[in-house]
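Reader: I would be grateful for a close look at one part of this model, taken step by step and placed in the context of its surroundings. Please begin with the packing of helices and proceed from there to whatever adjoins it.

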Amino acid sequence: MANLKPGNQNTRKKVQVSMVICAAEEERHRSGVNALQLDPALDRLYSAGRDSIIRVYEHEKFLHGMEHHTDWVNDVVLCCGGRHLISASSDTTVKVWNAHKGFCMSTLRTHKDYVKALAYAKEREQVASAGLDKSIYLWDINTLTALTASNNTVTTSSLMGSKESIYSLAMNPSGSIIVSGSTEKALRLWDPRTCAKLFKLKGHADNVKALVVSKDGTQCLSGSSDGSIKLWNLGSQRNIQTIRVHSDSVWALLATENFSHAISGGRDKKVIMTDLKNISNSIIVCVEEAPILKMCFTADQQAVWVSSWDSSIRCWKLPTDKHFKEEARMSAAPVSQISGGAAIRRASVLNDKRHILTKDAQGNVAIYDVLRARKVDDLGQVNFEDEEKNRFKMVYVPNWFNIDLKTGMLTIHLGQDEVDCFSAWVSARDAGIRDTPEPDHKVNYGKLLLQALFEHWRGVETDPENRMYFSVPKHIPLILSEVGGRTLYRVLVGDTSGDTENALLNETVPNWVISNIEENCTNKFIKVQFYLQPHSSVPSHLLKQDRMKKPDRLVANDFIQCRKVAEHILEKLLGDGTASSPGCGDADSSTPSNNGYNVDQIELTCNEQVLDPSMDLRTVKHFIWKSSSDLTLFYKIINK
């Protein structure tokens, strides 16, 4: 077993544990694709987006995925001749990757908010990152790629002065100028060699979402949410042209190598190529199925790869002089396509609080088992509401986890804030556990899942108290993060037994996880307070005299079944015993008590509704009593 010594967590924010229910190899994007980069030498396309995974396609076939981010990947750049990849994410990190082998080399945590954009100066091997924290950081790539686990400190230069969140960034290859675009509706320029602030260019009426700088650093193209594209002369600091070919926000921009043409895309789903020497001369390259997020040239620059809110990536041929002269017609079909998968758009936790009904972007409905962290049934394109209704059972289990669909996959969050992950107690029978000597033995869903998630790290012993009833697939990502804040650590469940992973988990796993995995958390049983009242039909001579007075207020675990309450009535209210809380007796329902009645003859009602003996008190209170006041149950004797 690992030596469980939690790290210094006194000053840390509350930590939650999360898992992503996904396939062992997610070959297709599950949601919008925010970033594209092509390695022309190997014909490899790098794509990344809202499902947090960077994917590599070689000759348009899936090669491998690069997983380490925990939120949207907003931008990527290839550097060092295609050997390394830099990525920026909404998880507030910038990551350095070995592009060929697909593993994360180091993580930079300098930013304090979403990192939205990257820029690359090829001749200097320098990368800039920027985002919602209004900061721009400059990174020397040779320094970043030399980082190791034992030597992971890095210094960075910062460009100060931006007053708003930054959404776009561009540098020329020589690294002589850097341009940022933001919600300030202006472009700001710096000299990255000296970190000196140069000037600001005003003219847009909304957020500047896309930027391209010419090779010589003398011209810049900007695309804005105001729907316009502007061409700027940086030497004279003025706007040369304003191009209005889109009917909505412009989110993606490219320029040909000699800056003669602009290729733009955005919310109106169109990709348009415009002659910058004659801006009235423009051609629609394609109309996509969803708003366009990013574009990149093919190796010969005769076509562009286009990504959008849709998870598919398509390649479209660019117009030639013949098309601009109207001597040829544009093709209505893409040259090639890398098909995406469907994001989960809707999820409903069934009231057993274990299974989740989902519906994806293509209308397919499925069932997931949270305890086993896997999909258990594909239902096809059925009616979601009908399926939800048909699967309803009158059973109440407290909420013990939260769901997040931001990445297009099911992410399950476990914590102890608004929703306590140790609140759901069920019988072993209801949990589907058959190898327990006592079917009514209570198990805790949160504890079972945490034991399964940390099984390989902790080496949980298989004694009766710690038996592993459930396991989750080893490929499931396990994420530790500050509640509402940044990610602390991400690791696959099957990798937690490694020495490095073990040490990092010892520093990161919160105390509340360790204590509840190792100890019996029965002190977390939820109690319910209630009154028992005899029905008017119960003969008064059967009641003890003290029962004729004001009834006692009873307290029991909320998962106690009505049969146990009936046993209590038979033994304590109609018998010779003393009134105490129910739940401890083991009366045989077929054996008459000293008053001549048995448990099956005790009928309980709530709000005039007869209660099933197997129904628990929390279900009665939630579905029948429907009040925050103390539950009141009536009992009477029926003849059988």
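Author: Helices α4 and α7 are roughly perpendicular to each other; the model in which they are seen is a predicted one. Their packing angle is about 100 degrees, and the description follows because angles of 65 to 115 degrees count as roughly perpendicular. The axes of α4 (residues 445-453) and α7 (residues 511-518) lie 10 Å apart. On the α4 side, the residues that meet the partner helix are Lys447, Leu450 and Gln451. Their counterparts in α7 are Trp512, Val513, Asn516 and Ile517.

From the helix pair, the description passes to a sheet. This sheet is open and has five strands, in the order β34-β35-β1-β38-β39, with antiparallel pairing. The edge positions belong to β34 (402-404) and β39 (487-492); each has a single partner strand, so one side of each is left without a neighbour in the sheet. On average, neighbouring strands here are turned by 25 degrees against each other, if direction is ignored. Helix α4 packs on this sheet, where it touches β1 (15-21), β35 (410-414) and β38. The direction of α4 makes about 75 degrees with that of β1. Helix α4 thus appears in both settings: it packs with α7, and it packs on the sheet.

At one end of the strand order, β38 (residues 477-482) pairs with β39 in the antiparallel sense over five bridges. Within this pair, Ser481 stands opposite Thr487 of β39. Strands of a sheet pair in general through backbone hydrogen bonds, in either a parallel or an antiparallel arrangement.

Strand β35, one of the strands that α4 touches, contains His413. This histidine has a relative accessible area of 17% and is therefore buried, since the term applies to values under 20%. Its surroundings can be described residue by residue. Leaving aside neighbours within four places in sequence, His413 is in contact with Gln16, Val17 and Ser18, and also with Phe401, Asn402 and Asp404. Two of these contacts include polar contacts between side chains: one of 3.4 Å joins His413 to Gln16, and another of 2.6 Å joins His413 to Ser18. As for the backbone, the C-alpha atoms of His413 and Ile403 are separated by 6.3 Å, although these residues are 10 positions apart along the chain.

Another open sheet offers a point of reference. It consists of four strands in the order β2-β3-β4-β5, and its pairing is antiparallel. Strands β2 (33-39) and β5 (61-67) stand at its edges, each with a single partner strand, so one side of each has no neighbour in the sheet. The average turn between neighbouring strands, direction ignored, is 20 degrees in this case. Six bridges join β2 to β3 (residues 44-49) in the antiparallel sense; in that pairing, Leu36 has Ser47 of β3 as its bridge partner.

Both senses of pairing occur around strand β40 (residues 527-534). Strand β40 runs antiparallel to β41 (residues 553-557), to which five bridges join it, and Gln529 stands opposite Val555 of β41. With β44 (residues 631-637), by contrast, β40 pairs in the parallel sense over five bridges; here Phe530 stands opposite Leu631 of β44.

Definitions and conventions: Residues numbered from 1 in each chain as written. Predicted model: local features only at pLDDT ≥ 70, side-chain atom pairs only at ≥ 80, totals over all residues. Heavy atoms only, no water. Pairing = 2+ DSSP bridges. Helix = DSSP H or I, 4+ residues; strand = E, 2+ residues; numbered from the N terminus. Axes fitted to C-alpha atoms, helices over the stretch in contact; angles between N-to-C directions. Contact = heavy atoms within 4.5 Å. Buried < 20%, exposed > 50% of the residue type's maximum accessible area, 1.4 Å probe, protein only. Polar contact = N/O pair within 3.5 Å; in protein donor to acceptor, adjacent residues only side chain to side chain. Parallel < 35°, antiparallel > 145°, perpendicular 65-115°, else oblique.
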